[in-house]
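Please take me on a short guided tour of this structure, stop by stop. Tell me what to select in my viewer and what I will find there.

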Amino acid sequence: EWDRWLLMGLIGAAVGMLGFLTHQIIDCLIKLKWDLVANYLQVSKRSGTWRMGADVLICLSPGQDGKIHMTWLCALGSGLAMVVLSSGSVLFFCPAGSPFALPEIIGYLNGTSIQHLFNIKTFLGTFVSCVLAVASGLFCGPEGPMIHLGALLGCGLSQLQSDTLGLHLPIFTRFRNSADKRSFITAGAGAGIAAVFCAPIGGLLFTLEEVSSFWDIRLAWQTFFCCLTATFTTDLLSSSFHGFVYRGHFGFFEAEKRILFWVKNLLDMNVLAFVPTILLGMLGGLLGALFVSLNIKINKLRMQFFNSIPKSPLRKTSKLLETVLILVISCITLVANPGSGKNFLALDVGCILDFPCSSEWGSAAALLVENGKQGITYLFKRGTHEEFGYASLCTALAFYFILSCWTAGSSVASGLVIPMLYTGALYGRIIGLILVSIFGVQTNEYGAWIDPGLFAAIGAASFFSGVSRLTISLTVIMVS
């Protein structure tokens, strides 16, 4: 069995390198977009009211406010260019890559034959669509496409043959059968989720709960080895490179950079914390059911509308225009001018915002403008009891819930994990803020559990579980 273990290790290393490459390209595209906007604006970055991340806010003097709308159009144009390329690569280059591919992978592992699901065109189209969709500012993440890409690598490396490329290598020929092919696809899918969340055990449990239909102890150990190799490869490369620039520290795994949602200050728990935790669990189930129901209805309407268009080119063009409309509306919801005085621009993942400083609208804008991973980290942060108010959290929750639900199922390769965690973190923090309003900010050890950041993490897990129906693997991923 040495060749099987070797192949599992190669698949894990390949998926780990792909995960590293995906994150680096997304970060570079985001930086490029906002560098262009900053150069167009020609102002220096300074700290604002909500310093959620480094160099996020730009305060403007009254004389510079006239540039806001043109700057917003510049940012919107770069986002639209990415969305058009992202949707076009799925619709016109690899239709099998639209939009999540996880249901298709589960169907394939259950015996359903799906044409072009595991070929080189689908791999390239899904990869390009994923990085562009996430960088454009849509409310989505790279997790779903990474599962598909990991399964593609598991299939390709185990078979070592391609009809598209005319490639048929005379090695590992004994694995060219249906049973072994499905085992390697299962391991590749688990490695994909493990590389995204740096959680090898979470990747293994995810394949057990969600993906695989045929399971044994041998496949479990081999899948875990594949996930472990993928996580190690991603961490090893990330320790040395940032934005494809070598920064040294090769092999030095910093906890703050390795752990996806890093929380520095841990809290002692109290038995009383289980009361709001149960409430958050029930709320997560209800909102998760609402999210799924709403998404099903949106997709039914979407299918009815597009199926009513007789010509295929016009149908594909209409699907592309839908993704453009989603991005435009996502940006328009972030633009307002509810008052006068000194304004700020939030330059980060998202759009250009125009809000009065020190306002709830500005705080909500700062929440929505952040990319998913950074925003979740800020919501999880301990000791920030008064960082965000009710109005900002509720506004961000309404926009994020509706727009992420609409984005799911559109013609871009995108994932739902980051939006689910972000949505749950928002209402979890609202519950935490209610507790702070009732009991006040507690500084003693006995009452330190009354922290909005703690309940943001619990809320994120509850909504993720309510939508996906996952329990064990989700718990492991959240604590990894």
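Here is a short tour, starting with the confidence colouring and then moving to some single selections.

**Stop 1: confidence.** This is a predicted model, so colour it by pLDDT before anything else. The chain averages a pLDDT of 79, and 80% of the residues score at least 70. Now select residues 43–66: the pLDDT there is below 50, and this stretch makes 61 contacts in the model beyond near neighbours in sequence. Residues 336–359 also have a pLDDT below 50, with 100 such contacts in the model.

**Stop 2: helix α4.** Select residues 120–136, which form helix α4. How far apart are its end C-alpha atoms? They are 24 Å apart, which agrees with the span expected for 17 residues at 1.5 Å a residue. Most of α4 is covered, with 13 of its 17 residues buried. Step on to Gly137, which follows α4 and has a positive phi, near 115°.

**Stop 3: Val90.** Next, pick Val90 in helix α2, which runs over residues 68–93. Val90 counts as buried because its relative accessible area is 0%. Draw a distance from its C-alpha atom to that of Leu124: the two are separated by 9.7 Å, although they lie 34 residues apart along the chain.

**Stop 4: Ser240.** Finish in the loop between α8 (217–238) and β4 (241–242), where you will find Ser240. Is Ser240 buried or exposed? Its relative accessibility is 0%, so Ser240 counts as buried. Show what surrounds it: leaving aside neighbours within four places in sequence, Ser240 is in contact with residues including Tyr246, Arg247, His249 and Phe250.

Methods
Residues are numbered from 1 along each chain as its sequence is written. This is a predicted model: local features need pLDDT of at least 70, side-chain atom pairs count only at pLDDT 80 or more; totals for chains, interfaces and linings use all residues. Side-chain values use heavy atoms; hydrogens and water are left out. Helices (H or I, at least four residues) and strands (E, at least two) are DSSP runs, numbered from the N terminus. The expected span of a helix is 1.5 Å times one less than its number of residues. Buried means under 20% relative accessible area, exposed over 50%, partly exposed in between (1.4 Å probe, protein chains only). Contact means heavy atoms within 4.5 Å. pLDDT is the predictor's confidence in each residue, from 0 to 100.
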